[in-house]
Structures are given as C-alpha cells and as structure tokens.
Amino acid sequence: MDAIVDGLVAIIHYTLKNDAGEVLDSSKGGDALPYLHGASNIVPGLERELVGLAIGDAKEVLVQPEDGYGVVNPDMIQEVPRSAFPEDAEVEPGSQFMMEGEGGQGIPVWVTQATESTVTIDGNHPLAGEKLHFSIKVEGLRAPTDEEKAHGHPHGLTGTESHH
Ligand code: ZN
C-alpha cells in the first residue's frame, strides 16, 4: 500500500486556485481531506492525476472545466418570478435552493440576481467553466474499512468517525 490506486483511502492536503490565482478552497490550517480513490469523491480530472502518488508526494494539477465542475450551460440559467419561492425564504445572490427536476429529482440551483419581482437562478455549479489549479500533497494512505467500502466514501481520517 505505498501508492494511490483504486479502492484505497488517500489523505491529501490541497489548495484550489482559479485561473486568476485566487484561492477558492484549501485544507491548509485544518485537517487533510480523506477520499476513497476510484469512487468519484473528487472531480475526475484530479482523481485521475493522483494515481500512483505516494505519501509525501506533491503535485500541481490543472483540471479543465469538463473534467472539473463542468462547462457553463446557459440553458440552466433561468429567470423565475419571486413568487416561485416561499414568502419567508431568503432569496439573495449566493442563496442555494433545491428545485424539482422533471423526474422529481432534486437539482441544486444558486441565486445570481434577485429583484422584488424576479429572481435569476443558475443550475450550473458555481465553479462551472473554471479551470481548477490544484496543489496537492499526499499525507496518508490506508485501506478502507468494510463500512467505508460499502458506502463509497471515507469516514474521517482514520475511518472511525461517525456519519454526518
Ligand atoms: Zn458513510
């Protein structure tokens, strides 16, 4: 178990920057992130590039939008009446709602603009269309517990954390 392969829990520190060099997210200063390799816990363009890395290895990975959070689909941007939202809902840029899709499935949408009468919602992920610049350092590698295997995701750094 000395390199990242499918089925192992890898524990990584990461910093994510956009194309402009702004830090969007980072594990620095906190716990490293455990993920189950090969289970799509992280974006595909990153997962692919981490295969074969060992503990202590560091890597810079550039992920194109189509291998990250997707390209921006203009059809997923819609203007809807304010009355489509519950009276007491906080509807302002950045608010997230679950909309019901045609098959009844929940679709997360983000509010990008809101006036008294209309609200613009965007079903694209906020990072859709972004090139993702990851700096990765591998901190740990371990076999998953049976429960983690069954769930398809790690339960904390050691596999013993309870669920949230
Ligand atoms: Zn679980």
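The side chains of Ser 27 and His 13 are joined by a polar contact of 2.7 Å. I should say at once that this is a predicted model, and the contact is a computed feature of that model.

Let me place Ser 27 for those who are new to the structure. Ser 27 sits in the loop between β2 and β3. Is this residue buried or exposed? Its relative accessibility is 6%, and because buried means under 20%, Ser 27 counts as buried. Leaving aside residues up to four places away in sequence, Ser 27 touches Ile 12, His 13 and Tyr 14. His 13 is thus both a residue touched by Ser 27 and its partner in the polar contact.

Tyr 14 leads us to the next topic, the largest pocket. The space in this pocket comes to about 290 Å³. Which elements give two or more residues to its lining? They are β1 (9-17), β2 (23-26) and β3 (33-36). The lining consists of 16 residues, and those that lie nearest the centre of the pocket are Tyr 14, Asp 25, Leu 33, Ile 42 and Tyr 69. Sorted by class, the lining has 14 nonpolar residues, one polar residue and one charged residue.

I turn finally to the chain as a whole. The domain assignment gives two parts: domain 1 is made up of 9-68 + 128-151, and domain 2 covers 74-122. How many Å separate the centres of domain 1 and domain 2? Taken over C-alpha atoms, the separation of the two centres is 30 Å.

Notes. Residues are numbered from 1 along each chain as its sequence is written. This is a predicted model: local features need pLDDT of at least 70, side-chain atom pairs count only at pLDDT 80 or more; totals for chains, interfaces and linings use all residues. Side-chain values use heavy atoms; hydrogens and water are left out. Domain bounds come from an automatic or database domain assignment. On a 1 Å grid over the protein atoms alone, a cavity is a set of points where a 1.4 Å probe fits but cannot get out, and a pocket is an open set with protein on both sides within 12 Å along at least five of seven lines; lining residues have an atom within 4 Å of a point. Grid points are joined across faces, edges and corners, and a volume is the space filled by probe spheres set on the points. Helices (H or I, at least four residues) and strands (E, at least two) are DSSP runs, numbered from the N terminus. Ala, Val, Leu, Ile, Met, Phe, Trp, Tyr, Cys and Pro count as nonpolar, Asp, Glu, Lys and Arg as charged, and the others, Gly among them, as polar. Buried means under 20% relative accessible area, exposed over 50%, partly exposed in between (1.4 Å probe, protein chains only). A polar contact is a pair of N or O atoms within 3.5 Å; within protein, one must be able to donate a hydrogen and the other to accept it, and residues adjacent in sequence count only if both atoms are side-chain atoms. Contact means heavy atoms within 4.5 Å.
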